[in-house]
Amino acid sequence: MIVLGIESSCDETAAAIVNDKRQIISECLLTQLEEHKPFGGVVPEIAARSHLEHIDEIIEHTFAKARLKPADVDAIAASSGPGLIGGVVVGVMSAKAMALALNKPFIAVNHLEGHALAARLTSDVRYPYLLLLVSGGHCQILVVKNVGEYERLGTTIDDAAGEAFDKVSKMLGLGYPGGPMIEKMADIGNSRRFVLPRPLYNSPDCNLSFSGLKTAVRKIIESYAPDGIVEHAILPEQDVADICAGFQFAVTECLCHKLEKAIRYFHEHYPAGKDLVVSGGVASNTFLRNRLELLAIANNMVFSAPPVRFCTDNGVMIAWAGLERFRAGYTNNLDFKPRPRWPLDENAPKAAGAGGVKA
């Protein structure tokens, strides 16, 4: 069984071909990082235009590297939401056109499911497992029961962790994307120097919040500006490093603390489950990965994470999720509508936060 996967939900145009032997036959990825860097974040219109300009050549290169023809694949999958709707539409329409022309099944993949299942391609992870999905747009703790079957135990009520990393990095003048910049500076910083809050730390649920933590960092930076304006602040390099270390430590503590609660629930309700998985862009953070591995060991669980290059958006995870869905008998009609919002657990209650209602 061979599946083509297409990813275009944010600022990476990507495609990959995988098979049911867990082999990556080929992959191509074009990042738009330099196009968005001057703006300190992804600009939806620029992203959509870039996807439209490059997606055909990315797909062609993917087949050329695989030495396969489009007719050789068994199904065509595309990231069909959630995400920036302009880019999602580009990928979905390309996949639909190919499916129609080749008379192949079309598979609409939830982008989050791509992240959720990625570790099953590269590690021996079995259902059910506990998942921390942590990225720029999402931060959730879920039980992955099977393909298409999820139970959400917690979610952020405001900023996602990756979003907070990006915003703190921007305030410190470190640039975009923020995660790698902050991690690099944190390596030489003192995480105990600045006192930062742990929002929702004592709440009885598994929900998360990072907006207050981000605001606390802003207030520290403002104290370095004579007029209290962040953009006018002048910070010594060591102070920047100490802020980064403290922020990274606080985020990690919040995630691990809520995961401990989730693990207790998971052990009670899913005693056969043994795996703790982290995925998403923030999962590439080495400090977080190390802390999660220690947490797993302390709770008699096996820690798994995709290779760092598969933590950020890529075509491989979409191809693999598409293959898993196809193998389970899930396909979609060509009238499927891309979804800008698409929760993995459709039955989970909406989390009301400062920024509105989050799915």
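# A walk through the model, from Glu-151 outwards

Start by selecting Glu-151, which you'll find in strand β8, residues 149-155. Keep in mind as you go that this is a predicted model.

**Stop 1: Glu-151**

Show the side chain. Glu-151 is buried yet has no salt bridge. Which side chain of opposite charge is nearest to Glu-151? That's Lys-145, 4.9 Å away, and a salt bridge has to fall within 4 Å. What the Glu-151 side chain does have is a polar contact of 2.5 Å with the side chain of Tyr-265, so draw that pair as a dashed line if your viewer lets you. Now bring up the surroundings. Setting aside neighbours within four places in sequence, Glu-151 is in contact with Ile-141, Leu-142, Val-143, Lys-145, Tyr-265, Tyr-270 and Asp-345.

**Stop 2: Glu-183**

Next, select Glu-183 in helix α6, which runs over residues 178-186. Here's another glutamate that is buried without a salt bridge. For Glu-183, the nearest side chain of opposite charge is Arg-289, 8.4 Å away. Turn on backbone atoms around Thr-286: the Glu-183 side chain reaches the backbone nitrogen of that residue at 2.8 Å. Beyond four places in sequence, the contacts of Glu-183 are Gln-248, Ser-284, Asn-285, Thr-286 and Phe-287. Leave Gln-248 and Asn-285 displayed, as both turn up again at the cavity.

**Stop 3: the cavity and Phe-165**

Where is the empty space? Rolling a probe the size of a water molecule over the atoms shows where it is left. A search of the whole structure turns up 1 cavity of 30 Å³ or more, and the largest cavity holds about 30 Å³ of space. To find it, select its lining: Phe-165, Gln-248, Val-251, Thr-252, Leu-255, Val-282, Asn-285 and Leu-288. Which helix gives the largest share of that lining? Helix α8, residues 237-269, with 4 residues.

Now centre on Phe-165, one of the lining residues. Phe-165 sits in helix α5, residues 161-171, and is buried, with a relative accessible area of 4%. Leaving out neighbours within four places, Phe-165 is in contact with Gly-178, Gly-179, Ile-182, Phe-247, Gln-248, Val-251, Val-282 and Asn-285. For a distance to try in the viewer, pick the C-alpha atoms of Phe-165 and Pro-180: they're 15 residues apart along the chain and separated by 9.1 Å.

**Stop 4: the second largest pocket**

Stay with helix α8 and select Tyr-201, Thr-252, Glu-253, Cys-256, His-257, Glu-260, Arg-291, Leu-294 and Leu-295, the lining of the second largest pocket. About 150 Å³ of space lies in this pocket. Helices α8 and α9 (286-298) each supply at least two of the lining residues, and α8 gives the most, with 5. Thr-252 is on this list and also lines the largest cavity.

**Stop 5: Leu-4**

Jump to strand β1, residues 2-7, and select Leu-4. Is Leu-4 buried or exposed? Leu-4 counts as buried because its relative accessible area is 0%. Show the surroundings and you'll see what Leu-4 touches outside its sequence neighbours: among them are Ala-15, Ile-17, Ile-59, Phe-63, Val-73, Ile-76, Met-98 and Ala-319. Want a long-range pair to click? The C-alpha atoms of Leu-4 and Asp-335 lie 331 residues apart along the chain and are separated by 19 Å.

**Stop 6: backbone oddities**

Finish with the backbone. Most residues other than glycine have a negative phi, and most peptide bonds are trans. Here are some exceptions to look up:

- Gly-81 to Pro-82: this peptide bond is cis, with omega near -10°. Pro-82 is in the loop between β4 (75-79) and α3 (85-102).
- Tyr-176 to Pro-177: this one is cis too, with omega about 0°. Pro-177 belongs to the loop between α5 and α6.
- Asn-103: phi is near 60°, a positive value in a residue that isn't glycine. You'll find Asn-103 in the loop between α3 and β5 (106-109), and at 72% relative accessibility it counts as exposed.
- Leu-200: phi is positive here as well, at about 60°. Leu-200 lies in the loop between α6 and α7 (211-222) and counts as partly exposed, at 31% relative accessibility.

How values were computed
Residues numbered from 1 in each chain as written. Predicted model: local features only at pLDDT ≥ 70, side-chain atom pairs only at ≥ 80, totals over all residues. Heavy atoms only, no water. Buried < 20%, exposed > 50% of the residue type's maximum accessible area, 1.4 Å probe, protein only. Lys, Arg positive; Asp, Glu negative; His and termini not counted. Polar contact = N/O pair within 3.5 Å; in protein donor to acceptor, adjacent residues only side chain to side chain. Contact = heavy atoms within 4.5 Å. 1 Å grid on protein atoms, 1.4 Å probe; cavity = no way out; pocket = protein on both sides within 12 Å on 5 of 7 lines; lining within 4 Å. Points joined across faces, edges and corners; volume = space filled by probe spheres on them.
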